[in-house]
Amino acid sequence: MEGIGESMFQRLSEFRFLFEELTKRDFRKKYKRTMLGMMWSVLNPLLTLLIMRVVFTQFFGATIPHYTTYLFAGNLVYSYFTEATNSGMYALVSNKDIFSKVNLPKFMFVLSANASAFINFMLTTCVFFVFAAFDGIVFTWSSVLLVIPIIFLLGFNIGVSMILSAINLFFQDTKYLYGIFTMLLMYLSAIFYQVESFPLAYQRLFLANPVYVYIKFVRVLVIDGHAPSIEFFLLAMVYALAVNLIGAAIYKKHNNRFLYYVRKNDCDDE
C-alpha cells in the first residue's frame, strides 16, 4: 500500500501544471454565470446556518453552550464533505473526453475537484472564526490544532471521492443513492443536537460515523478549548488513512477498466 501512495505522489508531481490548471477550471466553473461569484462560497453556508439557527434554537439552543458556533462547526464540516465528495464522484464521468484521448493519471481529476472544494472550505472557515468570536468563544492554543482535523478531513474526502468516482463510472445509479445517503448522514452527524443526550451505548455508535468524528474534533478544539483524547485522534486518522488506501487500491486495480467503461458507455449512447 505504501508503494501505491508513493506512485501517486510521484505522478502528481510530474503533472503539477496540469493539476493546477484543472483546479482553476473546476473552481471557476462552479461560479460561472453567477452574479455573486465566489461570494456564494460564503453565503451558502451562512444562509444554511441562519435557517438552522431559527428552526432548531428553540428545541436545542437553550441546553447547548455557544449554539451558533456549535451549529456552524457541524454545518461547516458536513457541507465540505458533501461538496467535495459530490464533485469528486463526477470526476471521471465529467472528464472522460480528456482521459479517453490522452494518457493521464486519472486520480488527478479527483484531486482537482477536491482542491476546488477545499478552497471554498477555507474561505468559509475564516467566516467561522469571525462568528465564533462574536459568539463569545475564547481562542486558546488548541485552536492552532485545527489544522489536524482539517488535514484528516481533506484526506478522508479524497479517499471517499476516489471510491465514489470509480463506482459512479461503473454504476450510473450511484448519484441517486448517494443523494439519499448524504441526506440521512446529515441527521446522523449531530449537526444541530447533542449526542450526550443519548444513552452511552448509542453515543458510541456515533463514532462509527466519520463525519461526526471530524465535527466533534472541531467542536472540542474550538468550543471546549482543549485537544481530544489520543484514542479519538487515532480514530480520526484511521478513517482518513483507510479510505485513502481503499481508493488508491481501486484506482490501481481498475485503471484500465475506467477507459473500457467510458468507451462502452459511449457506444451504448450512440
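Helices (H or I, at least four residues) and strands (E, at least two) are taken here as DSSP runs, numbered from the N terminus. The structure is a predicted model, in which local features need pLDDT of at least 70 and side-chain atom pairs count only at pLDDT 80 or more, while totals for chains, interfaces and linings use all residues. Residues are numbered from 1 along each chain as its sequence is written, and side-chain values use heavy atoms, with hydrogens and water left out.

A good place to begin is the chain as a whole. Its secondary structure comes to 12 helices and 0 strands, so that the pattern along the sequence reads α-α-α-α-α-α-α-α-α-α-α-α. Of the 270 residues in the chain, 47% are buried, where buried means under 20% relative accessible area, exposed over 50%, and partly exposed in between (1.4 Å probe, protein chains only). Contact means heavy atoms within 4.5 Å; among the contacts with a separation of 6 or more, residues 24 or more positions apart account for 78%. The chain exposes about 14500 Å², and carbon and sulfur atoms supply 68% of this area. Accessible areas come from the Shrake-Rupley method with a 1.4 Å probe; for residues, only the protein chains shown count as cover.

The interior comes next. A nonpolar core is a set of buried Ala, Val, Leu, Ile, Met, Phe, Trp, Tyr and Cys residues joined through side-chain atoms within 4.5 Å. The largest such core has 53 residues, and those with the most contacts inside it are Tyr67, Phe81, Phe156, Val160, Ile191, Phe192 and Tyr214. At least two residues of this core come from each of helix 3, helix 4 (67-89), helix 7, helix 8 (147-170), helix 9, helix 11 (210-224) and helix 12 (230-269). Helix 4 provides the largest share, 12 residues. A second, separate core of 16 residues includes Leu22, Ile158, Met162 and Phe170. Valine 160 gives a view of the surroundings of one residue: leaving aside neighbours within four places in sequence, valine 160 is in contact with Phe81, Thr85, Tyr178 and Val243.

Two threonines can be followed in a similar way. Threonine 174 belongs to helix 9 (residues 174-188) and is buried, with a relative accessible area of 9%. Not counting residues up to four places away in sequence, threonine 174 touches Met89, Leu164, Ile167 and Asn168. Threonine 23 lies in helix 2 (residues 16-30) and counts as buried at 10% relative accessibility. With neighbours within four places in sequence set aside, the contacts of threonine 23 are with Ser112, Ala115, Ser116 and Ile119. Threonine 23 and valine 110 are 87 residues apart in sequence, yet their C-alpha atoms are 9.8 Å apart in space.

Helix 7 (residues 107-134) allows a check of geometry. The expected span of a helix is 1.5 Å times one less than its number of residues. For the 28 residues of helix 7 this gives 40 Å, and the end C-alpha atoms are 41 Å apart, which agrees. Just after helix 7, glycine 136 takes a positive phi of about 90°.

Positive phi values also occur in residues other than glycine. Histidine 66, in the loop between helix 3 and helix 4, has a phi near 50° and is partly exposed at 29% relative accessibility. Alanine 190, in the loop between helix 9 and helix 10, has a phi near 55° and is buried, with a relative accessible area of 0%.

A salt bridge is a side-chain nitrogen of Lys or Arg within 4 Å of a carboxyl oxygen of Asp or Glu, and by this rule the count comes to 1. The side chains of glutamate 196 and lysine 216 form this bridge (3.6 Å, N to O). Because glutamate 196 lies in the loop between helix 9 and helix 10 (200-206) and lysine 216 in helix 11, the pair ties together parts that are 20 residues apart in sequence. Glutamate 196 is partly exposed, with a relative accessible area of 44%, and lysine 216 is also partly exposed, at 24%.

On the surface, Leu47, Leu50 and Val54 form a nonpolar patch with about 290 Å² of accessible area together. Patches are made of residues with over 30% relative accessible area and no salt bridge; like charges are joined within 9 Å, and nonpolar side chains (Val, Leu, Ile, Met, Phe, Trp, Tyr) within 5 Å. Leucine 50 of this patch is found in helix 3 (residues 40-61) and is exposed, with a relative accessible area of 52%.
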